[in-house]
Amino acid sequence: MKIFYIGLFLCVINTLAYAQNERFKSLFVYNFTKNIEWPSEYKKGDFVITVLGNSAMFPELQQNVKGKTYGNQTIEVKQAANIMGIERCNILYIPLQQSNLIEAAQKQLAGKPTLIIAEKAGLMRQGADINIVQVSGKLQFEVNPKQMENKALKVNKALVNLGIVYDSGTTRKIPDLESVDDTSVPR
């Protein structure tokens with residue numbers, strides 16, 4: 001019976017850690033909106049954050065941005081079941097489970113000022129603009145300001161200074177990055 005309670009306790013702790021991790025990632029996403037400026041055509045209507053696939057980030061983002069704005073735009077969180085379901089959006093969030101769709105998302109959004117955020121190590125090489133990763137057990141993010149500027153997104157230097165700058169042409173050593181997964185716990 002004691003083992004049952006220990007197992008139950010560990011399941012509860014793991015669930016709470018996962019929920020906390022999703023909350024931190026959603027706060028990252030919201031704070032990115034404060035440090036990036038979209039072109040004028042994307043400052044009309046609602047400010048849309050689309051989550052690709054079925055992910056715990058969808059309800060977490062909905063709760064986190066409820067009643068919040070980007071300038072005078074209401075922030076709205078949508079969910080797209082697949083790549084073809086992606087409509088005009090300011091941010092596309094690609095959760096770990098959908099990471100294999102990043103190249104298709106790139107093609108779908110080519111020429112559009114949509115910020116692509118991922119959460120799997122190595123996705124900066126495949127076209128993510130920002131990648132939420134773990135470094136030594138802590139949530140951090142990689143950022144590619146050059147790629148974002150090519151999309152007509154203006155990036156605040158404070159955001160660049162807080163992140164791990166990704167530059168495909170550099171040979172500098174970056175920390176060992178880990179994908180964010182369901183068992184990761186921010187410290």
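Two strands pair if DSSP finds at least two bridges between them. I keep that rule at the top of the page, and I note that the model is a predicted one.

**Entry 1: strand β7 and its neighbours**

I started with β7 and β8, where β8 covers residues 138–143. I found 6 bridges between β7 and β8, in the antiparallel sense. Val-133 has Gln-140 of β8 as its bridge partner. The two strands form a hairpin with 2 residues between them, and there Ser-136 takes a positive phi near 55°.

On the other pairing I looked up β6, residues 115–118, which meets β7 in the parallel sense over 2 bridges. Ala-118 stands opposite Asn-131 of β7.

Is β7 buried or exposed? I checked residues 130–135, and 6 of the 6 are buried, so the strand is largely enclosed by the rest of the structure. I then sorted the residues by face. Ile-130, Ile-132 and Gln-134 lie on one side, Asn-131, Val-133 and Val-135 lie on the other, and all are buried.

**Entry 2: strand β5**

Next I took β5, residues 91–94. Both of its faces are covered as well: Ile-91 and Tyr-93 are buried on one side, and Leu-92 and Ile-94 are buried on the other.

Which strands run parallel to β5? One is β2, residues 47–52, joined to β5 by 3 bridges. Val-51 stands opposite Tyr-93 there. Another is β6, joined to β5 by 4 bridges. In that pairing Ile-94 has Ala-118 of β6 as its bridge partner. I followed the chain from β5 through helix α3, residues 102–108, to β6, and recorded this β-α-β crossover as right-handed.

Ala-118 now appears twice in my notes, as the partner of Ile-94 in β5 and opposite Asn-131 in β7.

**Entry 3: a lysine in helix α1**

I looked up Lys-25, which is found in helix α1, residues 2–33. Its relative accessible area is 1%. The cut-off for buried is under 20%, so Lys-25 counts as buried. The side chain of Lys-25 makes a polar contact with the side chain of Glu-22, at 2.7 Å.

**Entry 4: aromatic rings**

How many aromatic pairs does the structure hold? I have 6 on record. One of them is Phe-32 with Phe-141, an edge-to-face pair with 5.0 Å from centre to centre and 70° between the planes. The pair links distant parts of the chain, since Phe-32 is in helix α1 and Phe-141 is in strand β8, 109 residues apart. Phe-32 counts as buried at 3% relative accessibility, and Phe-141 counts as buried at 8%.

I also looked at Phe-47 and Tyr-70. Their ring centres are 4.6 Å apart and their planes are at 35°, so I entered the pair as tilted. Phe-47 belongs to strand β2 and Tyr-70 to strand β3 (residues 69–70), 23 residues apart, and this pair too links distant parts of the chain. Both residues are buried.

Going back to Phe-32, I found that ring pairs link Phe-28, Phe-32 and Phe-141 into a cluster.

**Entry 5: charges over rings**

Last, I looked for charged ends over rings. The charged end of Lys-68 sits over the ring of Tyr-30, 4.5 Å from its centre. The charged end of Arg-88 sits over the ring of Tyr-42, 4.0 Å from its centre.

Definitions and conventions. Residues are numbered from 1 along each chain as its sequence is written. This is a predicted model: local features need pLDDT of at least 70, side-chain atom pairs count only at pLDDT 80 or more; totals for chains, interfaces and linings use all residues. Side-chain values use heavy atoms; hydrogens and water are left out. Buried means under 20% relative accessible area, exposed over 50%, partly exposed in between (1.4 Å probe, protein chains only). A crossover is right-handed if, with the strands pointing away from the viewer, the path from the first strand over the helix to the second runs clockwise. A polar contact is a pair of N or O atoms within 3.5 Å; within protein, one must be able to donate a hydrogen and the other to accept it, and residues adjacent in sequence count only if both atoms are side-chain atoms. Rings of Phe, Tyr and Trp (its six-membered ring) pair if their centres lie within 6.5 Å; planes under 30 degrees apart count as stacked, over 60 as edge-to-face and the rest as tilted. A charge sits over a ring if NZ of Lys or CZ of Arg is within 6 Å of the ring centre and within 35 degrees of the ring normal.
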